[in-house]
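Q: Please take a close look at one part of this structure and describe what surrounds it. Then explain how that part fits into the rest, for someone seeing the structure for the first time.

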Amino acid sequence: MSSDPKIDGFELKPGFRGMASDTGSDQTMFKGVHWGKAMMWIFLVSDTFVFSCFLIAYMKGRGSTPVEWPNPSEVFALDAFGVPVPLLLIALMTFVLITSSGTMALAVKYGYEKNRKMCGWLILATAIGGLTFVGMQVYEWSKLIHEGVRPWGNPFGAAQFGSFFFMITGFHGTHVSIGVIFLFIYAYKVFAGHYENGGKRGWFTTMKGDYVEIEILGLYWHFVDLVWVFIFAFFYLW
Amino acid sequence: MSDEYENNKSGYQAQSSEAITGSAGSTSPDIDYVRPAELPEQDLYHGHTFITKWVFCQDAKVIGVQYFLTAVFTGIVGLILSWLMRLQLGFPGLAGFITAEHYYQFVTMHGMIMVVYFLTALFLGGFGNYLIPLMVGARDMVFPYVNMLSFWMFFVAVVILMASFFVPGGPTGAGWTLYPPQTILEGTPGSGMGILLMLVSLALFVIGFTMGGLNYMITVLQARTRGMTLMRMPLTVWGIFTATVLAMLAFPALLVSAIMMTLDKVIGTSFFMPTILKAGEVLEYGGGSPILFQHLFWFFGHPEVYIVALPAFGIVSDLISVHARKNIFGYRMMVWAIVGIGALSFFVWAHHMYVSGMNPWFGFFFATTTLIIAVPTAMKVYNWILTLWRGNIRINTVMLWCLGFIVTFVNGGITGIFLGNVSVDVPLSDTYFVVAHFHMVMGIAPVMVIMGAVYHWFPLITGRLLNETLGKWHFWTTFLGAYSIYFPMHYLGFIGVPRRYYEMYDSPYMTSAVGMNEFISLAAFLVGAAQFFLIFNVIKTLKTGKRAPKNPWKANSLEWHTSTQPPEHGNFGERLPVVHRWPYDFSVPGAKDDFIPQTTPPSEMVHTKVEKT
């Protein structure tokens, strides 16, 4: 989002040449990148491994059950005006989550423009989008539970279907919920002006607030969104 | 020779000043130019009360010591457990309270404590926290608050782990690999609360470590001082940094397997549980894959070996270089070997599973990748030896531990080549040969580095020098004792004595193994007791020990060149150091002293062979 940083006494070169000269230089490897932003990227790589392990375990588990796997387009179908429409709810959930990524990206833009009001409202909109997603997920879970799907068994086929479904969507839902909590906190912080005039110090630390934090939160939010795309593909389309 | 220096001298000068100023001047003050700081000074939270200064402290050095002491405490618990195991194996039935169940619990807890809660926490949490900011010239870790949380998360994990000794049924006795299905089935010791606490503790450890690991990585990548390039970092930092990268990518697999097993245990899912008949009755479980757990576990478990080994490689390189007064041989090769070993370690995990019934081609692939790791590892061993070659070696306690490490590591590495091959591994699998192998290579060898590092950095941390005589007693009893334990174990393995057995019963191994088991046990008691040399030494030194002069080993790296020794919060006083060279300029021809600190500018070294490195 921010324009290319100007580094005193250091020439930033484009492409691989730039990568090599940045890596070979002193002080920082990622020039002009905020510590917190670098941390979030590395955390997300680690979290990618967590979700990858979950999904690979799911593939292995699904491949080795002796009992037939339930048909996802029947299990996840939703009745709309008396007609069962496959994947209707999931399509809505995905739409809401991806839209919330859009509002998040706009919030980051307005944050860097120091447009406090717009930034705050857009973060709030993102939070409400996330909350809607979690709400729809709760609806989906309760629907499946009413139909008899349990983590240890279900009437449609292999018991592992429920196990993996509840575990992985639950783990993802936890990520979304944590994100929503932080979105509300950050919306408050933006409206309260914690990032204005050099920033306010945090509790028990000397870190000062900066609008880059909105971008860091945005990275997390987009990641959660991206993970959902994979979960969607593996659970609902396979 | 002298002519060569002169030629080189002008060559270096012309090159460096040209690169910086763009003019070909011969001598100018510009030769010392280091570009200005990119970032403003880090604003630190200084504690004022006892709680903020020593308990919930945000100073990486205090956090490092906290990690170190907690890890040593769990390590002592692990040591006592090994004593109890050896008591049973050497003298079966002598201690009546050691039942078969207890024995399995001791095996399990000893393994898990030593690998995860002792070695990993000590190298990354202890040495990482203490040394990274000092060695790269930072005021502190980049996120001191998160760093503090990291330690306390680890502390809670240790408390929960220790609590499992006191719950009904005791700690889990499933072996440190926690293989399902037997881990959570009734009949395995600690299959109730014990395994649950173990899994919760591991999950907390992973979360706590992630917070610390992010700190170590960003501090190395984004918070180095002026002039500190990646290729001027001490190998200690390279080792700890690469190990942290491995941990950030390997621990997720442990976290996932812990979560899945917890669900299997608590709410009755069947991720890892196949259909099981128990006493003629079919259990609720069914359709899961136990092999899946093995893959997840070893995808964590094998990089874990290198998470322990790489910091040891890094630290020992620095110790050898300082105490042999010679630059490390092949610095760049050493760095690339560390990175290469780290990358390869993610492609070898299934060599722990040769007897799991896998496809032979799968075993062939993993045998190949395993043996490829021998290449960068051997490079490192040659480089250590070539660093010693014609060095001005000081045979002090630190150097003794380093030499002990090299020998032990080579020993353990060679048996690793045996076990890496499928056809040799299958008959040796689950025998004492395996026990001997991994204790040599990732037990004794890294512990020797830890000991060397303690003797080396103790003056920095406390301002006092440990007693050398006691240190040498400590080394020789530990070294000879450890070999007395593990050499005979190779033989036990060859005659087929299985590991993790409570006793030998009426097996044919009785005759030849009994005497050897007694001998091994006696040696194990001795080695454990020898560690009291160190504890006594530390207590004695803290009370009446010799005050260390500044930079007692005449080392170059930044941690010895702080404003005060031991360094205070903020590490470097008023001004951060500016780095002009690597930390290995020892015995440079033409230099006044036999060492050139990293902060020495080239203009003070114009008549030497290496004015700038």
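**Val256(B) and its surroundings**

A: Apart from residues within four places of it in sequence, Val256(B) is in contact with Leu296(B) from its own chain and with Val50(A), Cys53(A), Phe54(A) and Ala57(A) from chain A. The model is predicted, and all that follows describes that prediction. Its scores are 0.93 for ipTM and 0.93 for pTM.

Val256(B) also has a place in a wider group of residues. The largest nonpolar core has 236 residues, and Val256(B) and Leu296(B) are the ones with the most contacts inside it. The two are also in contact with each other. Helix 4 of chain B, residues 100-136, supplies the largest share of this core, with 24 residues.

The chain A neighbours of Val256(B) lead to the interface as a whole. There, 40 residues of chain A are in contact with 40 residues of chain B. On the chain A side, two or more residues each come from helix 1 (15-24), helix 2 (35-63) and helix 6 (159-191). Helix 2 of chain A gives the largest share of that side, 13 residues. Sorted by class, the chain A side holds 23 nonpolar, 14 polar and three charged residues.

Chain A itself has seven helices and two strands, which follow one another from the N terminus as α-α-α-β-β-α-α-α-α. Its C-alpha trace spans about 65 × 40 × 35 Å along the principal axes. Of the 238 residues in chain A, 33% are buried. Among contacts in chain A with a separation of 6 or more, 69% join residues 24 or more positions apart.

Chain A is split into domain 1 (1-33) and domain 2 (34-237). The centres of these two domains, taken over C-alpha atoms, are separated by 33 Å. Where they meet, four residues of domain 1 of chain A are in contact with seven residues of domain 2 of chain A. The domain 1 side of that meeting has three nonpolar residues, one polar residue and no charged residues.

One residue of chain A shows a loop in detail. Gly153(A) is in the loop between helix 5 (116-146) and helix 6 of chain A. Gly153(A) counts as buried because 21 other C-beta atoms lie within 10 Å, and the cut-off for a buried residue is 20 or more. Leaving out residues up to four places away in sequence, Gly153(A) touches Ala159(A) and Gly162(A). Ser163(A) is ten residues from Gly153(A) in sequence, with 7.7 Å between their C-alpha atoms.

Chain B is divided into domain 1 (53-233) and domain 2 (549-613), with 35 Å between the domain centres over C-alpha atoms. The contact of these domains takes 13 residues from domain 1 of chain B and 15 from domain 2 of chain B. Helix 4 of chain B, already met in the core, gives the most to the domain 1 side, with four residues. That side divides into five nonpolar, three polar and five charged residues.

Helix 6 of chain B covers residues 193-222, and because a helix should extend 1.5 Å a residue, its 30 residues should span 44 Å; the end C-alpha atoms are 43 Å apart, which agrees. Of these 30 residues, 26 are buried, so helix 6 of chain B is largely enclosed by the rest of the structure. Phe209(B) is in this helix and is buried, with 27 other C-beta atoms within 10 Å. Apart from neighbours within four places in sequence, Phe209(B) is in contact with Ala247(B) and Phe251(B). Ala121(B) is 88 residues from Phe209(B) along the chain, and their C-alpha atoms are separated by 8.4 Å.

Confidence varies along chain B. Its mean pLDDT is 91, and 94% of its residues reach 70 or more. Over residues 1-28 of chain B, however, pLDDT stays under 50, and the model has 27 contacts beyond four places in sequence for them. Where pLDDT is low, the predicted coordinates should not be read in detail.

Conventions:
Residues are numbered from 1 along each chain as its sequence is written. Chains are lettered from A and ligands numbered from 1 in the order in which they are written. This is a predicted model: local features need pLDDT of at least 70, side-chain atom pairs count only at pLDDT 80 or more; totals for chains, interfaces and linings use all residues. pLDDT is the predictor's confidence in each residue, from 0 to 100. Ala, Val, Leu, Ile, Met, Phe, Trp, Tyr, Cys and Pro count as nonpolar, Asp, Glu, Lys and Arg as charged, and the others, Gly among them, as polar. Domain bounds come from an automatic or database domain assignment. A residue is buried if 20 or more other C-beta atoms lie within 10 Å of its own, exposed if 12 or fewer, and partly exposed in between; C-beta atoms are placed from the backbone. A nonpolar core is a set of buried Ala, Val, Leu, Ile, Met, Phe, Trp, Tyr and Cys residues joined through C-beta atoms within 7 Å. The expected span of a helix is 1.5 Å times one less than its number of residues.
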